[in-house]
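Work through the exercises below with the sequence and the model open. Try each task before reading its solution.

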Amino acid sequence: HARAYAEKVKLSRPDNTELRAMLGEIYAGLGEPKKARQEYQEAIRLAPDRVDLRERLSKLSGDGPRTY
């Protein structure tokens, strides 16, 4: 339900950073990393200073900090 609602809102507010980030989380949780990555990338384009969005994308891509 959240996914359908967020996708519907995206049609009227495509430049909403928070909505794009929320869709990224929804898609990641549903096991759709490609769609999640696209939403995070768009959120970062809209708000390039948001470090938290870059971190979410990094974790999704498996490029996060490594601990040994």
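**Exercise 1. Classify Lys35 by accessibility, then find its salt-bridge partner.**

Solution. Start with the accessible area. Lys35 has a relative value of 35% in this predicted model. Buried would need under 20%, and exposed over 50%. Lys35 is therefore partly exposed. Next, look for a carboxylate. The side chain of Lys35 meets that of Glu32 in a salt bridge, 3.4 Å from N to O. The cut-off is 4 Å, so the pair counts.

**Exercise 2. Which residue forms a salt bridge with Glu32 at 2.9 Å, and where do the two partners sit?**

Solution. Step one is the pair itself. Arg3 bridges to Glu32, with 2.9 Å between the closest N and O atoms. Step two is location. Arg3 belongs to helix α1, residues 2-12, while Glu32 is in the loop between α2 (17-29) and α3 (33-46). The partners are 29 residues apart, and the bridge links distant parts of the chain. Step three is accessibility. Glu32 has 21% relative accessibility and counts as partly exposed. The buried class ends at 20%, so a value of 21% falls outside it. Arg3, at 26%, is partly exposed.

**Exercise 3. Locate the salt bridge between Arg56 and Glu25, then place it in its network.**

Solution. Check the distance. The closest N and O atoms of Arg56 and Glu25 are 3.0 Å apart. Now place the ends. Arg56 lies in helix α4 (residues 51-61) and Glu25 in helix α2, with their positions 31 residues apart in sequence. This pair, too, links distant parts of the chain. Compare both values with the class limits. Arg56 is partly exposed at 26%. Glu25 is partly exposed at 44%. Finally, follow the shared partners. Glu18, Glu25, Arg50, Asp52 and Arg56 are joined into one network of salt bridges. For the whole model, the count is 10 salt bridges.

**Exercise 4. Describe how α1 and α2 pack: angle, handedness and residues.**

Solution. Take the geometry. The axes are 10 Å apart, and the angle is about 150°. Angles over 145 degrees count as roughly antiparallel, so α1 and α2 belong in that class. The crossing of α1 past α2 is left-handed. Now list the residues. From α1 come Ala2, Arg3, Ala6, Glu7, Val9 and Lys10. From α2 come Leu19, Arg20, Met22, Leu23, Ile26 and Tyr27. Sort them by class. Eight are nonpolar, four are charged, and no polar residue takes part.

**Exercise 5. Repeat the analysis for α3 and α4.**

Solution. The axes come within 9 Å and cross at roughly 160°. That angle is over 145 degrees, so α3 and α4 are roughly antiparallel. α3 passes α4 in a left-handed crossing. On the α3 side, the contact uses Pro33, Ala36, Arg37, Tyr40, Gln41, Ala43 and Ile44. On the α4 side, it uses Leu53, Arg54, Arg56, Leu57, Leu60 and Ser61. The class tally is eight nonpolar, two polar and three charged residues. Arg56, from the bridge with Glu25, is one of the α4 residues in this contact.

**Exercise 6. Is Glu39 buried or exposed, and which residues does it touch beyond its sequence neighbours?**

Solution. Find the residue first. Glu39 is part of helix α3. Its relative accessibility is 5%, so Glu39 counts as buried. Then set aside neighbours within four places in sequence. Glu39 is in contact with Lys10, Arg20, Leu23, Gly24 and Tyr27. Among them, Lys10 of α1 and Arg20, Leu23 and Tyr27 of α2 also take part in the contact of those two helices.

**Exercise 7. Contrast the accessibility of Thr17 and Gln38.**

Solution. Thr17 lies in α2. Thr17 has a relative accessible area of 14%, which makes it buried. Beyond four places in sequence, its contacts are Ala43, Leu46, Ala47, Arg50 and Leu53. Gln38 lies in α3. At 45%, Gln38 is partly exposed. For a distance check, take Gln38 and Ala21. Their C-alpha atoms are 9.9 Å apart, with 17 residues of separation in sequence.

Key. Residues are numbered from 1 along each chain as its sequence is written. This is a predicted model: local features need pLDDT of at least 70, side-chain atom pairs count only at pLDDT 80 or more; totals for chains, interfaces and linings use all residues. Side-chain values use heavy atoms; hydrogens and water are left out. Helices (H or I, at least four residues) and strands (E, at least two) are DSSP runs, numbered from the N terminus. Buried means under 20% relative accessible area, exposed over 50%, partly exposed in between (1.4 Å probe, protein chains only). Axes are lines fitted to C-alpha atoms, for helices over the stretch in contact, and angles run from 0 to 180 degrees between N-to-C directions. Angles under 35 degrees count as roughly parallel, over 145 as roughly antiparallel, 65 to 115 as roughly perpendicular and the rest as oblique. A crossing is left-handed if the near helix is turned anticlockwise from the far one by less than a right angle, and right-handed if clockwise. Contact means heavy atoms within 4.5 Å. Ala, Val, Leu, Ile, Met, Phe, Trp, Tyr, Cys and Pro count as nonpolar, Asp, Glu, Lys and Arg as charged, and the others, Gly among them, as polar.
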